[in-house]
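Okay, thanks for squeezing me in today. I'll put the sequence and the structure up, and then we can walk through a few spots together.

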Amino acid sequence: MNNKLGVDSFLWGVATSAFQLEGSPYADWTSWDSILDTKPHITNHYELYREDLKLLKDLGVNAYRFSIEWSRIQPRENIWDDEAIAHYQEIIDILNSNNIEPMITLHHFTHPLWFIKKYPWHEDASIGKFLVFAEKMASTLKGVRYWITFNEPYVLILAGYFEGCTPPGIRDISLGIRALKNILACHGKTYDLIHEKVAGSPMVSVAHNMAALAPWSRWNPLDKILAKVARHFYNHSLLDAFKTGILNVKFPFKEEICIAVPIRDKLDFFGVNYYTRIHMRFNPFKKMGIELRHRDIDGYGLTDMGWEIHPRGLERVLRHASELNVPLIITENGIATRDCQKKIKYMKRHVDVLERCIKEGFDVRGYFYWSLIDNYEWLQGLDARFGLYRVDFDTLERKPTNAAAYYSYLIKSRSSF
Ligand code: FCB
């Protein structure tokens with residue numbers, strides 16, 4: 001395979017995020033979670049990281065995606081915690097010494113509390129504050145080739161600014177669009193910063209959540225329009241912005257928005273997070289006239305979070321993402337279930353689709369299963385079991401599941417990708 005990424009083989013990995021494994025006393029989500037009281041720090045990965053990194057070796061992965069918890073690095077404005085930086089550097093060093101490619105995420109939903117209080121994303125001052133952090137990371141961390149600037153910027157905006165169910169807890173679409181514009185500006189500048197500061201040829205992207213979005217009823221023109229609008233906003237408007245430098249948003253009954261965003265071609269690969277299909281119905285009694293539902297149409301069942309298992313949707317989103325003409329990496333794909341057989345089937349069916357796509361010529365260079373161990377799942381707390389390793393939240397013991405053994409087997413049997 002002509003490997004433009006310059007790595008020797010397909011990246012088989014697992015993905016995690018810092019806050020979901022280790023919490024942080026200084027993060028905005030911590031005070032948010034005090035209402036839910038689901039203890040994000042419960043898996044205590046911040047202390048047990050050496051043990052957890054050994055699990056990667058046991059699995060046989062050659063890549064690991066994890067995030068740097070910004071609020072640990074800058075617990076207060078203008079204060080750097082050098083020990084926290086050394087901690088993440090040690091993780092990178094352990095990975096490299098085991099031939100596991102580190103892929104780091106600079107922003108995975110959480111913020112230092114001081115940032116979200118004083119400089120929320122809809123304020124232009126947020127850009128400078130994030131860039132100070134990004135520059136410090138790009139100039140200090142050594143041995144990282146793969147960088148994700150932002151995880152799922154659209155999810156952050158939908159939850160934090162449209163729904164208001166996550167920090168900063170605002171319900172205002174125009175502020176949300178302003179926040180998105182600032183986040184994308186940060187991506188563009190961070191892309192340049194990383195290329196300036198990081199030796200070698202760093203690979204930079206975002207991780208974009210893409211879903212299969214379908215009308216509730218194929219016969220209802222309003223449902224069809226809705227699904228089309230949603231697909232354009234949620235899946236495609238970011239791809240278009242990377243191609244053109246223009247963010248174009250059209251919501252029904254609202255004026256079209258066209259904003260210049262400095263991100264044109266600022267991608268070395270494209271990270272796709274894919275989980276599910278969502279059906280959409282026009283319902284005037286719901287917010288923005290939209291009702292969402294997961295339905296078990298393929299007969300593969302729903303996950304413990306009620307998400308539809310729809311492997312074919314992966315092909316659809318990869319087809320769209322291919323329009324960017326950069327290599328693709330599946331930066332997240334996984335299932336919340338306590339049923340190991342279901343987890344195994346989910347993985348197999350998605351990897352089968354991936355294999356078909358690669359045979360068809362899609363330029364996909366990696367697959368990261370979400371997630372390594374059971375962890376804190378945002379608004380769902382601790383019930384959503386995504387891990388290949390089961391965590392006993394009382395004893396903190398990590399136990400391999402059959403799904404872990406299956407993933408190892410999958411990696412060996414498909415290593416020829
Ligand atoms: C993704 C998030 C990740 C995790 C999975 C289940 O959207 O990026 O943090 O919560 O969903």
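So, let's start with Ser205: leaving out residues up to four places away in sequence, it touches Ile148, Leu267, Asp268, Phe269, Phe270 and Gly271. Ser205 belongs to strand E5, which covers residues 203-215. Is Ser205 buried or exposed? With 27 other C-beta atoms within 10 Å, Ser205 is buried, because 20 or more is what it takes to count as buried. If you want a spot that is far off, try Arg293: 88 residues away from Ser205 in sequence, and 30 Å away in space, C-alpha to C-alpha.

I should say right away that this is a predicted model. The mean pLDDT of the protein chain is 95, with 97% of its residues at 70 or more. The part to be careful with is residues 1-7, where pLDDT stays under 50. For that stretch the model has seven contacts beyond four places in sequence.

Okay, on to the strands around E5. E5 pairs with E4 in the parallel sense, over four bridges. In that pairing, Tyr146 stands opposite Met203 in E5. E4 also pairs with E3, again parallel, and again through four bridges. There, the residue opposite Tyr146 is Met103. So Tyr146 of E4 has Met103 opposite it in one pairing and Met203 in the other. And how many of the residues of E4 are buried? Six of the six, so E4 is largely enclosed by the rest of the structure.

While we're looking at strands, have a look at E11, residues 364-370. It's mostly covered too: seven of its seven residues are buried. Strand E1, residues 11-15, runs parallel to E11, and five bridges join the two. One detail there is that Leu11 has Gly366 as its bridge partner in E11. E11 also pairs with strand E10, residues 328-333, in the parallel sense over four bridges. In that pairing, Ile330 stands opposite Tyr367 in E11. If you follow the chain from E10 through helix H12, residues 340-360, and on into E11, you trace a right-handed β-α-β unit. One general reminder for anyone looking at side chains here: in a regular strand they alternate between the two faces of the sheet.

Now the ligand. Which residues surround the ligand? Ser17, Gln20, Asn151, Glu152, Val155, Asn209, Asn273, Glu332, Trp370, Glu377, Trp378 and Phe386. Sorted by class, that shell has four nonpolar, five polar and three charged residues.

Let me stay with Glu152, which is one of the residues around the ligand. Glu152 is found in the loop between strand E4 and helix H8. Its phi is near 45°, a positive value in a residue other than glycine. That's worth pointing out because most residues other than glycine have a negative phi, and most peptide bonds are trans. Glu152 has 23 C-beta neighbours inside 10 Å, so it counts as buried.

Compare that with Asn99, in the loop between helix H5 and strand E3. Asn99 also has a positive phi, near 55°. But where Glu152 is buried, Asn99 counts as exposed, because it has 10 C-beta neighbours inside 10 Å and the cut-off for exposed is 12 or fewer.

Then there are the cis peptide bonds. One joins Pro167 and Pro168, with omega at about 5°. Pro168 sits in the loop between helix H8 and helix H9. Another cis bond goes from Trp370 to Ser371, with omega near 20°. Ser371 lies in the loop between E11 and strand E12, and Trp370 is among the residues surrounding the ligand.

Last stop, Tyr154, which is found in helix H8. Tyr154 has 21 C-beta neighbours inside 10 Å, so it counts as buried. What does Tyr154 contact, leaving aside its neighbours within four places in sequence? That would be Asn209, Tyr234 and Leu238. Asn209, you may recall, is also one of the residues around the ligand. And Asn235 is 81 residues from Tyr154 along the chain, with their C-alpha atoms separated by 9.0 Å.

That's my tour, and I'm happy to go back to any of these spots.

Terms used
Residues are numbered from 1 along each chain as its sequence is written. This is a predicted model: local features need pLDDT of at least 70, side-chain atom pairs count only at pLDDT 80 or more; totals for chains, interfaces and linings use all residues. Two strands pair if DSSP finds at least two bridges between them. A crossover is right-handed if, with the strands pointing away from the viewer, the path from the first strand over the helix to the second runs clockwise. A residue is near a molecule or strand if its C-beta atom, placed from the backbone, lies within 6 Å of it. Ala, Val, Leu, Ile, Met, Phe, Trp, Tyr, Cys and Pro count as nonpolar, Asp, Glu, Lys and Arg as charged, and the others, Gly among them, as polar. pLDDT is the predictor's confidence in each residue, from 0 to 100. Two residues are in contact if their C-beta atoms, placed from the backbone, lie within 7 Å.
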